[in-house]
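Open the model in your viewer and keep the selection tool at hand. We will go from stop to stop, and at each one you will find what to select and what is there.

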Amino acid sequence: LGSRSRAYLEISVFIAQFAEYRSALIDHLVGVKSCHWDKRIRELCSDSLRKMAGLAPKYLSESVVPLLCTRAVKAGDVAERHGATLAVSKVIMGL
């Protein structure tokens, strides 16, 4: 569990410092991990996005937040709604 937390909260943020990986990493977190069946993965994903908010504020505010807001309201799956709601709140906190 410790290495999983470190992967999300430290290593992914370090990798996101490199522009060529940043949008792909954010897109993966938003598209795959924010709606993961495991609650802890959704929480770690949201915390990672909060830490990355300072690296890509325009991309997150203009592209990611609207997508997550739509998912939070319209998704049929509870895990997807929870992940989107949590992610949007953490991204806004990071901005």
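Start by selecting helix 2 and helix 3, which pack at an angle of about 150° with their axes 10 Å apart. The axes are lines fitted to C-alpha atoms, for helices over the stretch in contact, and the angles run from 0 to 180 degrees between N-to-C directions. Helix 2 is therefore roughly antiparallel to helix 3, a label for angles over 145 degrees, while those under 35 count as roughly parallel, 65 to 115 as roughly perpendicular and the rest as oblique. The crossing of helix 2 and helix 3 is left-handed, that is, the near helix is turned anticlockwise from the far one by less than a right angle.

Now show the side chains at this contact (heavy atoms within 4.5 Å). On helix 2, pick Leu-25, Ile-26, Leu-29, Val-30 and Lys-33; on helix 3, pick Ile-41, Arg-42, Cys-45, Ser-48, Leu-49 and Met-52.

A word on what you are looking at: this is a predicted model, in which local features need pLDDT of at least 70 and side-chain atom pairs count only at pLDDT 80 or more, while totals for chains, interfaces and linings use all residues. Residues are numbered from 1 along each chain as its sequence is written, and side-chain values use heavy atoms, with hydrogens and water left out.

Next, centre on Lys-33, in helix 2 (residues 19-33). Helices here are DSSP runs of H or I with at least four residues, strands are runs of E with at least two, and both are numbered from the N terminus. Leaving aside residues up to four places away in sequence, Lys-33 touches Tyr-8, His-28, Ile-41, Arg-42 and Cys-45. For a distance check, draw a line from the C-alpha atom of Lys-33 to that of Arg-71: 13 Å, with the two positions 38 residues apart along the chain.

How many salt bridges are there? The count comes to six, taking a side-chain nitrogen of Lys or Arg within 4 Å of a carboxyl oxygen of Asp or Glu. Select Asp-38 and Arg-4, whose closest N and O atoms are 3.5 Å apart. Asp-38 sits in the loop between helix 2 and helix 3 (39-52) and Arg-4 in helix 1 (residues 2-16), so this salt bridge ties together parts 34 residues apart in sequence. Asp-38 is buried at 19% relative accessible area, and Arg-4 is partly exposed at 29% (buried is under 20%, exposed over 50%, partly exposed in between, with a 1.4 Å probe and protein chains only).

Move on to Lys-90 and Asp-47, a salt bridge of 2.9 Å from N to O. This pair links helix 5 (residues 78-94), home of Lys-90, to Asp-47 in helix 3, 43 residues apart. Asp-47 is buried, at 15% relative accessibility. Then add Lys-39, Arg-40 and Glu-43 to your selection: salt bridges that share partners join them into one network. Within it, the closest N and O atoms of Lys-39 and Glu-43 are 3.8 Å apart.

Which aromatic rings pair up, and how? Last stop: select Phe-14 and Phe-18, whose ring centres are 5.6 Å apart with planes at 85°, so the pair is edge-to-face. Rings of Phe, Tyr and Trp (its six-membered ring) pair if their centres lie within 6.5 Å; planes under 30 degrees apart count as stacked, over 60 as edge-to-face and the rest as tilted. A search of the whole structure finds one aromatic pair. Phe-14 is partly exposed at 46% relative accessibility, and Phe-18 is partly exposed at 37%.
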